[in-house]
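Please follow the structure below step by step. The text begins at one loop residue and moves from there to the strands and then the helices.

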Amino acid sequence: MAAAQRIVIENCSIATVDAHDTEYATGYVVIAGNRIEALGAGKAPEGLENVVRRIDATGHLVTPGLINTHHHFYQWITRGLATDHNLFNWLVALYPTWARIDEQMVRSAAQGSLAMMARGGVTTAMDHHYVYPRGSGDLSGAIIGAARDMGVRFTLARGSMDRSEKDGGLPPDFAVETLDGALAATEETVKQYHDASFDAMTQVAVAPCSPFSISTELLRQGGELARRLGVRMHTHGSETVEEEKFCHELFGMGPTDYFESTGWLGEDVWMAHCVHMNDSDIAAFARTKTGVAHCPSSNARLAAGIARVPDMLAAGVPVGLGVDGTASNESGELHTELRNALLINRLGAHKEAALNARQALRLGTFGGAQVLGRAAEIGSLEPGKLADLVLWKLDTLAHASIADPVTALVFGAAAPVTASFVDGRQIVADGRLLTADEDAIARSTRDEAQRLARIAAQG
Ligand SMILES: [Zn+2]
């Protein structure tokens, strides 16, 4: 076998986000093939063979690539609507439009979502897709194809809904699946696309939408399916006060107890939001190692509340960050969520002690890897891990006067990305995607958003 080609990055600050938060004021990273081979302080070792590229990263901070743990790509073409609504009214306003999506729209929206995140330093993305209207085409295939083409590491959380208007749910009847249909399609998607290997670029999770859009049977049997197939489980949990009330009325218990009663707490589960959690809910997540996807901007946009992230971290709950769907977070970026997580949590009970810059960076990197079940492979810069990393440019007007690079990245303006590598391959250069045409994606997403609006208006 030919020796792996090496890329040497030098003269940069490095935040490894390893178990000791090791940092180097000036150091180097050696990439060999798709792995990180070595890193440390000072200059790279001399005499390395097969070096195909040397990058002088003076003025940069190198971090692990950002990991997004909650999103709904299709919403890219329904941004900027129902902008002054809470969650429930926002859902009521948007479901009639969402119910009309087709394969072409979903492909375009996935490209837009992925492109926006990738050029902001995301190297691992996820899409929780749960709207599969009858006759809408191969939506899962379109989403996975978009991620592969862009070269981003990816988890499809194959969602589902089986509680429509006729059962007291929100989506129209034609936009939901049957219990058996949803389970069969989810199993097929796992078998077709899930890669369990260390280097996997594509993984699939089982992800019924939320307690108020699915039957108890879909939740229970979905969990059983995931465990039989050995894949992870994802859903929305404890997002709003209304959801809590709904669970008490229908099931006689709060969301966390409901999840536990259906087999949905465990180290193979992560949940989006978890805003309304009491002490015993947090203790249950900690005991079972259930993960949380914290989505600060979306929670603020929909006035859902402030998740108790400092309490979760203190209890040992794995927490990652999520953009959430861009119909409730129009920016669609994750690097700005580092700052938003820090600021919003400081408005909560713990005030200025809630989160610091390094904790925020950890949420967006290693925390995300834990939540996606990939902490051995990604999320920190360590020899042997996959070469997913970002070079943030911190020597321009926006950041140059801030001495500490991690403070500059988290507290400062959105930092420009000089280079982003996924699996050892560069996908972003000087803030532009190398793997897709951003201008073509911008045009197609505008066209598809207009087409969807026209179709929805016809009813
Ligand atoms: Zn969501």
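Asp 430 sits in the loop between strands S16 and S17. The model is a predicted one. In this model Asp 430 has a phi near 50°, which is a positive value in a residue other than glycine. Most residues other than glycine have a negative phi. Asp 430 counts as exposed because its relative accessibility, 63%, is over the 50% cut-off.

The strands on either side of Asp 430 belong together. S16 covers residues 425–429 and S17 covers residues 432–433, and the two pair in the antiparallel sense over two bridges. Ala 429 has Arg 432 in S17 as its bridge partner. S16 and S17 form a hairpin with two residues between the strands, and Asp 430 with its positive phi is found in this hairpin.

On its other side in sequence, S16 takes part in another hairpin. Strand S15, residues 417–422, pairs with S16 in the antiparallel sense, and four bridges link them. Two residues lie between S15 and S16, and in this turn Asp 423 has a positive phi of about 55°. Two of the partners can be named: Val 422 is bridged to Arg 425 in S16, and Ala 419 is bridged to Ala 429 in S16. Ala 429 thus appears in both pairings, with Ala 419 as a partner and with Arg 432 as a partner.

S15 also pairs with strand S14, residues 389–393; these two strands run antiparallel and are joined by four bridges. Here Val 390 has Ser 420 in S15 as its bridge partner. How much of S15 is covered? Six of its six residues are buried, so that the strand is mostly covered.

Another aspartate with a positive phi lies elsewhere in the chain. Asp 324 has a phi near 65°, again a positive value in a residue other than glycine. Its place is the loop between strand S13 (319–321) and helix H11 (335–346). Is Asp 324 buried or exposed? Asp 324 is buried, because its relative accessible area of 4% is under the 20% cut-off. Asp 430, by contrast, is exposed.

The loop that holds Asp 324 leads on to H11, and this helix packs against helix H12, residues 357–371. The axes of H11 and H12 are 9 Å apart, and the angle between the helices is about 130°. An angle of this kind is neither over 145 degrees nor within 65 to 115 degrees, and the two helices are therefore oblique to each other. The crossing of H11 and H12 is right-handed. On the H11 side the contact involves Leu 338, Ala 341 and Leu 342, while H12 brings Ala 357, Ala 360, Leu 361, Leu 363 and Gly 364. Seven of these contact residues are nonpolar, one is polar and none is charged.

A second helix pair is made by H2, residues 103–118, and H14, residues 438–458. Their axes come within 9 Å and cross at roughly 135°. H2 and H14 are therefore oblique to each other as well. H2 passes H14 in a left-handed crossing, whereas H11 passes H12 in a right-handed one. From H2, the residues in contact are Gln 104, Met 105, Ser 108, Gln 111, Gly 112 and Ala 115; from H14 they are Ile 441, Ser 444, Thr 445, Glu 448, Arg 451, Leu 452 and Ile 455. This contact divides into five nonpolar, six polar and two charged residues. The contact of H11 with H12 has no charged residue.

One residue of this contact can be followed further. Ser 108 is found in H2. Which residues does Ser 108 touch, not counting those up to four places away in sequence? Ser 108 touches Ser 444, Thr 445 and Glu 448, and these three are among the H14 residues of the helix contact. Ser 108 is buried, because its relative accessible area is 4%, under the 20% cut-off. The C-alpha atom of Ser 108 is separated by 36 Å from that of Leu 355, and the two residues are 247 residues apart along the chain.

How values were computed
Residues numbered from 1 in each chain as written. Predicted model: local features only at pLDDT ≥ 70, side-chain atom pairs only at ≥ 80, totals over all residues. Heavy atoms only, no water. Axes fitted to C-alpha atoms, helices over the stretch in contact; angles between N-to-C directions. Parallel < 35°, antiparallel > 145°, perpendicular 65-115°, else oblique. Left-handed = near helix turned anticlockwise from the far one by under 90°. Contact = heavy atoms within 4.5 Å. Nonpolar A, V, L, I, M, F, W, Y, C, P; charged D, E, K, R; others polar. Pairing = 2+ DSSP bridges. Buried < 20%, exposed > 50% of the residue type's maximum accessible area, 1.4 Å probe, protein only.
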